[in-house]
Amino acid sequence: MKRIFSRWSAQDLVVIGVFAAASKVTTLLVALAGGGMNPISLMGKNLVFTMLLVVMLCRVNRPGTLFLFTVINMIVSMLLLGASVTLLPPILISALAAELAMLAMRDSTSVGTKVLGAAVFDIVSKVGSLGLSWLFMRENPAMMLMVVPFVAIGYLGSIGGLFTGVKAVKELRHAGIIRQ
Amino acid sequence: MIRFENVTYTYPFAEKPAVRGINFEVRPGEVVLVTGRSGCGKSTLMRLANGLCPGWFKGRLEGRVLVDGKSTLELPLKDMSRLCGTLFQDPEQQFFALGVEDELAFVHEWRGLPAEETREKVRSFARSFGIGHILGQSIHELSEGQKQKVGLASIMSQEPKALILDEPTANLDPESTVELAHRLRMLKESGMAILVVDHRLYWLEGVADRVLVMKEGEVAAQGNFGLLKDDGLRASCGLRGWHVDDARPHLPESAAPAAESSQPERGFRMEGVTFAYKGQAPIFEHASAFLAPGVTALIGDNGAGKTTLARLMTGLNKAQSGRFFFDGAEIAASDLLRRVGVVLQNADHQLHMKTVAQELEVCLELAERLEKQAAKQKAREGREDAAAQQCPAVSRPRAEQVRELLELFGLEGLAERHPQSLSGGEKQRLVIACAFAKRPRVLILDEPTSGLDGENMRRIANALRLLAEHGACVLIITHDLELMKLSCSRALRLPLTAGKNTGPAPHNADKE
Amino acid sequence: MQASSVSSRFEAYAAESDSSVKMDARSRMAVSLFMSAVTVCISSVEGQAVLLVASFLYVLSIRRWKAVGIAYAFLAVMMCIAVLLTYGISLLTPIMPFSPRGIAVPFMRSAEMMNVVLPLALTCRIQELLTALKGLRLPFCIYIPAAVMIRFIPTFMHDIRQVAETLKIRGYSLTFGEMFRHPLMMLRLMFTPLLFRSLRTSEELGMAAELKGLESGSCFVPFRTQQWAKRDTALVLLAVAVAALALYVHFKFGTVPTRGMR
C-alpha cells in the first residue's frame, strides 16, 4: 500500500489538484449560470469536465491518475459543496473501470488511450448514477423516466467533451505546453 | 556559495543552448544582479542555480553549477531547497495554503517538525518580517508587498545559505521596493549569498556588489553597479535606467479647463460619483475627476481605490450615483464600456484565440461592430457623432490594420504563434495591441509594464504617447516610475474629493 | 455576467461566518455516510419520517436559516415538477400508477441527504478545510492534491470573473441568448484561458513543491488540528440511535408503497 502511495511525484499531484479545482469550478459555474437543469448547461458542464479530464490524463501519464482525481474530487465536494456520499461508490467504480481499460491498451501513453479512459469513465458513471437514482426512487418507477433524459443529455455533452479534449490537446501541443 | 564553472545548458527539444560558457560566483554576504533583455537567458541562469535545470526541466548541462561546494547534479532538489531558497516573481503562485499562518507552517509540517517547533518558527519569522498582524488573513487579501514578505519569510524560516529572487520588484510599489532593498542589505550583512534577476535596476544601487549583463545566452558584461551607467551598454542590451527619479510629486494635477475658457471641453469627466462595496463604507463620495487628452498617471496609496476608480470609469462597476461626460456631452454609465478600453493586469486571461493575428482580427471585428452599433443608435436619435469624426472608423482592410498593430508593438514575427505560447512581455504587448484595436476614446491600463525590459517598456510608452496624440485620454495605474517619467504628463491623485479635479458645468452638456 | 455573480455568491457563501456549535468535520462526514446507507435501506414512509425529522433538527442546529430555506425551496420546486410529470406518465401508462406515498419516499430520501450534507458544507469554511483534511490523516498523495484543489478554487473563481470582464470589455455579448446561440464559442472564450492557466499554474506550483522539498514519504506533523471532542462522539452515537429507531419503525409499522420493494 505504501509503495502505491509513495510513487507519486509532487509535480503530478499538483497537476491533479489544479485540474480537480478547475473542473469543479467550471462545472459548478456552467451549471449555476445556466440554471442547473437546462439542457445546454447540462451538456456544457459535462463537455468541459470531460475535456479537462482528457487534458489532465495526457499531462499526467501515470496509472491511477483518474482514480486519484476522482477520490480528491469527491472528498472536497463532500466537505465543501455538499456532494452526497452516495455518489461515491458508482464514481469510484467508474474510475476503476476506466483505469483498467487504459491499462488493457497496448500503448498506454497515447491520446487515444486517454480518450478511451475518459469515455469508459463517463459511460460507467452515467450508468452508475442511473442505478443510484433507481435505488433512491425505486418506490416510484415513473420518476426514473424523468431522470433518464437528463442523464442522456449529460452524456451527449461528455461525448462532445471527448472530441474537444482531443482538440484541446492538439492546441496545447501547438502552443508548446504539452510535449510527448 | 553559488558557483558557475563554464556552464552551457540546453533545454529538451531545443536546438541551441539557452546559456553558453557562463562563469561567475556569488559569495556569502554578496548580492549579484543578473539583468538583460527578455529571453536573454536570465531565468535559465536562475533555474541552474536552484537546480530546477536540469533537475526539473531535464535538458543537457555542460560544466558545473556548485551550491555550497556541492554539484547541483548530485543533490536532489529536496536537499537543494534547504541550501538555496527561491522567491518567484509572483509569490502567490508558490503558496500551498489559503491562510498566511498555514503557508508559513506548511514546509515545516511536511518536514516533520514537532508542532511546537513549527509554531515557534512561524511566530519568530512573522515577527522579524513584520507580518504578525496578518497571520490570520487569507492570502487573497494581501497586497503584493505583503505577499512577497510572506513568501520571503517562508523561505527564510528554512534557514537557507543562499537566496534567489526572480524579478522581485515587478509587482511592487516604490515604497515596498525601498523596503525590499533594505531587507536585502540586512540579509547580505548576515552573510547570505543573494542572486537577484531583475529588469528594474535603480533600486539595487548601493545594494548589488556585482552586475552580470546577459545577451543572447552569454554574459555580455560583468562588473560593479557603475557598469550600468554606460548608456551604450544599456541601449544595446535593452536595459532600463540605472537611476530613476520619482516623478510622482512633480506631475501636475489633471484638472478641467477653467470656467471662462472659450474652448469647448475636450476629455473625459466624471461628476458626483458615489460608490461603496456592499456592506462597506463608501470609497468615493460625490467624487469628481477629469481626464484631458494625453497620458495621465493615477496615483494613490494601496487600498486608496485606484482599481475601483478605473472600474467605475469603464462601467465594470456601477456607481450608486454620478454622471459621466465625453467632450462635455453626457454619456450613460451603461455605454461606458463601449467607449472605454481597459487593459487588466493578467494578460493570460485576455487571450482566447489560436494565433496572435486571429486575436487582433477578432478585436478589430468586435470594435467595428461596436462602432456600427453606436452609429445606428446615433442615427436613430438623429444626431451626428462628433467623437466619430475625431476618431473616424477605419475602412482599411483588416489584415493591414493587424500588420500595423503588430509592427507598433514589435510582434511582427509572432503573427502565427499561439498567444498563450508567448513570453510574459510579448503577451503584455499583445493585450495592449488588442485594446488599441478598439480605438478607444479613453484607455485605462493597469500595470502595463510590470516585468518588461527597458526596450519593451519604452516601446509601450511610445505607443501610449502616439494614442494620446490622436486625442485619446490614457490613464495608467502603475508602480513603474520609469514608465511614469517617460509617458505621463499629469496625475490624477487619490483620494478624490467632491469638486476636486473638475471645472464648471460643461458648455454643451446635452444628453448623449 | 451571471458567472461573476455566481462566483461572488459562492465566495460569500463560503466565507459566511459559522454561528453554530463547532463540530469536527470527521463527525459530520460520519453522520453523512451513515445516513446515506440507512436511507437507502428504508423504504417505508414511517421509517423515512423518523429519519426526516431527526435530520431536519440536525440541519436546523447550524442556524443557517436562509441557506436551508433556499435549499428546501429548490427541493419543493423539484417535487412539484416531479408530481406533475409522474401524474402525466401514470395517465399515459397504466402500469405505472400514481401513488402519493410512492412519490413521498424518494423525496424524503433527498431531503434527508440534503439535511446531512448541508451542515458539512455550510460549516466547513474554505480556509478551515485544510485543517479538516489534516485531521483526516490522509496520505501524501491524497492530501497534496486535495490541498491544492482547495487552494485554487477561489483563485479560479476569480479568474473566471476576470475572463468574463475581459470579454465584456472586448465587446462580446455575454447574454444568456448568446450562450444559447453559440454555446461552443462561449465555452471556448470562457474556458480556454482557464485551461492554459491551469497548466501554467500546475507547472509553477509543481516547481514550488520541489523547491519546498515536498516529496512522498515525508513525515507530516500538523501544527494545528481540530480536536475530536465529546460532542462529536455524541453526534455519531445520536445518529446511530436515530438509525436504529428508524429501522425499528420501518420493520414494526412500515408500509411499503405499492410497486416498491424493501
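## Contact between chains A and B

In this predicted model, the contact between chain B and chain A draws on 5 residues from chain B and 5 residues from chain A. On the chain B side of that contact, 3 residues are polar, 1 is nonpolar and 1 is charged.

## Contact between chains A and C

Chain A also touches chain C, and here the contact takes 54 residues from chain A and 71 residues from chain C. Several helices of chain A each supply at least two residues of the side that touches chain C: α1 (2–6), α2 (10–33), α3 (39–59), α4 (65–81), α6 (111–137) and α7 (142–174). The largest share comes from α2(A), with 18 residues.

By residue class, the side of chain A that touches chain C divides into 41 nonpolar, 9 polar and 4 charged residues.

## Chain C

Chain C contains 10 helices and 0 strands. Its pattern along the sequence is accordingly written α-α-α-α-α-α-α-α-α-α.

Chain C has 262 residues, of which 47% count as buried. Among the contacts in chain C with a separation of 6 or more, 84% are accounted for by residues 24 or more positions apart.

## Domains of chain B

The domain assignment divides chain B into domain 1 (2–237) and domain 2 (248–493). The C-alpha centres of domain 1 and domain 2 of chain B are 35 Å apart.

The two domains of chain B touch each other: 13 residues of domain 1 are in contact with 12 residues of domain 2. On the domain 1 side of this contact in chain B, 6 residues are polar, 4 are charged and 3 are nonpolar.

## The antiparallel sheet of chain B

One open sheet in chain B has 4 strands in the order β12-β11-β14-β15, with antiparallel pairing. The edges are formed by β12 (284–291) and β15 (329–331) of chain B; each has a single partner strand, so one side of each is left without a neighbour in the sheet. From one strand to the next, the twist averages 25°.

At the β15(B) edge, the pairing with strand β14 (residues 321–326) of chain B is antiparallel and runs over 3 bridges. Within this pairing, F324(B) has I331(B) in β15(B) as its bridge partner.

## The parallel strands of chain B

Strand β17 (residues 442–446) of chain B pairs with two other strands described here. With strand β16 (residues 340–343) of chain B, β17(B) pairs in the parallel sense over 4 bridges. In this pair V343(B) stands opposite L445(B) of β17(B). With strand β18 (residues 473–477) of chain B, β17(B) again pairs in the parallel sense, over 5 bridges. Here I444(B) stands opposite L475(B) of β18(B).

The connection from β17(B) to β18(B) passes through helix α15 (residues 454–469) of chain B, and this β-α-β crossover is right-handed. As for its surroundings, β17(B) is mostly covered, with 4 of its 5 residues buried.

Notes:
Residues numbered from 1 in each chain as written. Chains lettered and ligands numbered in written order. Predicted model: local features only at pLDDT ≥ 70, side-chain atom pairs only at ≥ 80, totals over all residues. Contact = placed C-beta atoms within 7 Å. Nonpolar A, V, L, I, M, F, W, Y, C, P; charged D, E, K, R; others polar. Domains from an automatic or database assignment. Pairing = 2+ DSSP bridges. Axes fitted to C-alpha atoms, helices over the stretch in contact; angles between N-to-C directions. Buried ≥ 20, exposed ≤ 12 C-beta atoms within 10 Å, placed from the backbone. Right-handed = clockwise from strand over helix to strand, strands pointing away.
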